[in-house]
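Me: Please go through the metal sites and charged pairs of the following entry with me.

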Amino acid sequence: MTDQAQSPLPQPGELIVRRIPFEFPDDIAPHWKADEPQWSHMINGASLTMPYLEPFLIDSMRDALVHITDPDVREAAKGFMAQEGQHYRQHRRYNEMLKANGYPELAQVEDDMQKSYDRMRERRSLQFRMGYTAGFESMTLGVTSWLVNERLDLFRGADTRVSSFILWHMVEETEHKRVAFDVYQAACPGYLQRAFGVFTGSLHLMWYSRRGYVSMLKKDGLWYNLRSRMRLWRRVTQFGRHVVPFMARSLMPNHNPEHEPDPAWVREWINGYARASASETLPLIDTNSAQMAPPYAEPAR
Ligand SMILES: [Fe+2]
Ligand SMILES: [Fe+2]
């Protein structure tokens, strides 16, 4: 684990804890991709879950650490917890903006999530909770691949503050992609619970994300609109097409997330940020540019 203040160019697999002061002022529209409220709300719905999901992942990992002596796995687990801690704090601020900007009813979904995670903390074994954690992280790699590789379709012309925030989160998910798996294997190995976790970790999140975006689309008067529903289904179908192969591979007995290649754009983001972090500017992406290069990318020669 490296703190952002002391980072030269990071090595693959190195976890950097970046405390980026993303700003979410009230002038950010909840339809941050103005021509696609449906897609905007899919991301908003996912964001809504993060301050409930990610503390649960952190707590599960903290409990697992008690059973782990390997110093490398312990160090990586601490980096994972620090990164996820940054993620959910940023999402919580973003979600407060969403609720203040027209969607106070999201608080009900938040209450239900809090209860659901509290129940899992109380009732479920460490192996279940770490299986959930590793399973969720496997699905996340599919989401990362989708969002990064299809960024021109998904973020072009969108609010750079939201787009850059979401893609930063995806970059760090790539950095810690193997940690939950390694901790699971070290603390409470077993194929069946790990495979089960691919479903519990993914479907539980999808359910609450969906509740969030359905609530917002109802508020907008777009939920019972056929044209709107078809635009939503198009994005949901894309989500499935990109994510299901990652979930299927993670069900294999010999699966190791280390074997999933990192998108080249992610590496460029990491190196560009490391080169420029002394400037203390936000890593904003030009969402109107042709390639949507990572922030601080070196100009093409
Ligand atoms: Fe995260
Ligand atoms: Fe993660």
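Reply: Donors are N, O and S atoms within 2.8 Å of the metal (3.2 Å for Na, K and Ca), and sites may look incomplete as water is not among the atoms. This is a predicted model, in which local features need pLDDT of at least 70 and side-chain atom pairs pLDDT 80 or more, while totals for chains, interfaces and linings use all residues. Residues are numbered from 1 along each chain, chains are lettered from A and ligands numbered from 1 in written order, and side-chain values use heavy atoms, without hydrogens or water.

Me: Which residue bridges the iron ion (ligand 1) and the iron ion (ligand 2)?
Reply: The iron ion (ligand 1) has protein donors from Glu-54, Glu-84, His-87, His-169 and Glu-173, at 1.9 to 2.2 Å. Those of the iron ion (ligand 2) come from Glu-84, Glu-137, Glu-173 and His-176, at 2.0 to 2.7 Å. The two ions lie 3.8 Å apart, and the residue that bridges them is Glu-84.

Me: What is the arrangement of the six donor atoms around the iron ion (ligand 2)?
Reply: Six donors count as octahedral if opposite donors are over 155 degrees apart and all others between 65 and 115. Around the iron ion (ligand 2) the angles run from 53 to 148°, so the arrangement is irregular.

Me: How many residues apart are Glu-137 and Glu-173?
Reply: Both Glu-137 and Glu-173 are buried (under 20% relative accessible area; exposed is over 50%, partly exposed in between; 1.4 Å probe, protein chains only). Glu-137 belongs to helix H4 (residues 126-149) and Glu-173 to helix H6 (residues 160-175), helices being DSSP runs of H or I with at least four residues, numbered from the N terminus. The pair links distant parts of the chain, with a separation of 36 residues.

Me: Which residue forms a salt bridge with Arg-121?
Reply: A salt bridge is a side-chain nitrogen of Lys or Arg within 4 Å of a carboxyl oxygen of Asp or Glu. The partner of Arg-121 has its closest atom 2.9 Å away, N to O. Arg-121 lies in helix H3 (residues 106-123) and its partner in helix H1 (residues 37-65), so parts 62 residues apart in sequence are tied together. That partner is Asp-59.

Me: Is Arg-235 buried or exposed?
Reply: The side chain of Arg-235 meets that of Asp-153 in a salt bridge, at 2.8 Å from N to O. Asp-153 is partly exposed because its relative accessibility is 28%. Arg-235 has a relative accessible area of 1%, and therefore it is buried.

Notes. Tetrahedral: all angles 85-135°; square planar, octahedral: opposite > 155°, others 65-115°. Helix = DSSP H or I, 4+ residues; strand = E, 2+ residues; numbered from the N terminus.
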